[in-house]
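Dear colleague,

Please find below the structure that I am handing over to you. My notes on the sheet, the helices and the cores follow it.

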Amino acid sequence: MGQKVLITGGTGLIGKRLTELLLQKGYEVAYLSRKKTNIKSVQVFDWDISKHYMDEKSLENVRYLIHLAGAGVAEKRWTEDRKKTIISSRTDSIILIARKLRELNIRPKALISASGSSYYGEDTGDIRHSEASPPGNDFLSKVTLEWEKAADSIADLGVRTVKLRTGVVLSNQGGAIPKIALPARFGFGAPLGSGKQWMPWIHIDDICRMYIEAMENEAWTGAYNAVTGSPVTNEELTKKICKVLGKPQWLPNVPAFALKLALGEMSSVVLGSSYLINQRVTTETGFRYEYPEIGAALQEVLS
């Protein structure tokens with residue numbers, strides 16, 4: 001068997017594709033999961049974060065950790081209980097792993113942890129956020145800040161830790177793009193709100209390749225803006241989707257107030273704007289994107 005990679009949140013959008021690529025490269029892949037998962041060639045270990053339990057056998061011979069676990073931010077309305085779940089699902093999980101690593105005196109080579117482009121907060125897009133920019137002060141900024149602090153519990157053990165601040169992931173298997181493209185397929189594509197909000201993005205294969213590169217290359221450490229160098233506005237994204245699908249875009253923008261009425265505070269997921277620069281990726285790592293431009297990326301996803 002190859003080197004063992006233990007993944008939390010392995011059944012999610014990124015986890016599924018990442019698993020395929022890791023197995024292709026000859027790695028041994030294992031999951032920590034609350035649910036039984038029948039994925040060929042993947043060993044699944046039980047854990048229950050609420051009970052502070054995880055199967056310690058999951059950490060035997062572990063070489064790398066990948067932390068993707070976290071309740072979806074756009075799945076349910078943001079009640080106070082839901083907000084707590086969004087944060088705790090990301091933080092309590094990795095803190096539990098850190099405690100077990102300390103107790104068992106196990107030190108993997110690296111932790112690669114998911115994080116969010118929302119780290120920097122919402123703005124008009126006038127600010128170009130590099131990895132050195134300070135965090136914002138809205139709810140999603142708080143989520144990512146706490147997420148990254150929890151990952152530091154692994155770094156404190158002397159384990160190289162990488163945090164990938166990820167934007168909109170382009171995939172036909174889930175995430176935002178199928179939902180945005182669905183009305184466009186029937187000729188009802190329309191920008192959301194003003195349409196001027198910036199959306200940092202990355203193709204599913206590129207983000208998964210970035211996880212593997214960050215895992216294998218010891219030069220990677222700390223936080224990276226895991227997005228392409230060509231963010232688009234919501235309006236531009238909608239136009240590109242309609243063009244790829246060969247559909248007209250004739251409807252007016254969906255008003256921001258209607259989205260706020262329907263979604264409440266969660267409307268910030270689609271109305272929020274943030275312009276990210278992938279400075280560390282491009283200047284320090286040598287990573288090469290397969291899909292650096294939105295047109296080709298959408299063509300691959302939507303075809």
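In what sense do strand β2 and strand β3 pair? Strand β2 (residues 28-33) and strand β3 (residues 42-48) pair in the parallel sense, over 5 bridges. Two strands count as paired if DSSP finds at least two bridges between them; helices (H or I, at least four residues) and strands (E, at least two) are DSSP runs, numbered from the N terminus. Ser33 has Asp46 in β3 as its bridge partner.

Please note that this is a predicted model, in which local features need pLDDT of at least 70 and side-chain atom pairs count only at pLDDT 80 or more, while totals for chains, interfaces and linings use all residues. Residues are numbered from 1 along each chain as its sequence is written, and side-chain values use heavy atoms, with hydrogens and water left out.

The open sheet has 8 strands in the order β4-β3-β2-β1-β5-β6-β8-β12, with mixed pairing. Its edge strands, β4 (53-54) and β12 (222-226), each pair on one side only.

The largest nonpolar core (buried Ala, Val, Leu, Ile, Met, Phe, Trp, Tyr and Cys residues joined through side-chain atoms within 4.5 Å; buried means under 20% relative accessible area, with a 1.4 Å probe and protein chains only) has 35 residues. Leu22, Ile66, Ile112, Leu164, Ile207, Met210 and Tyr211 touch the most other members. Helix α5 supplies the largest share, 8 residues. Apart from this core lies another, of 21 residues, including Ala30 and Val159.

Yours faithfully

Note on methods. Buried means under 20% relative accessible area, exposed over 50%, partly exposed in between (1.4 Å probe, protein chains only).
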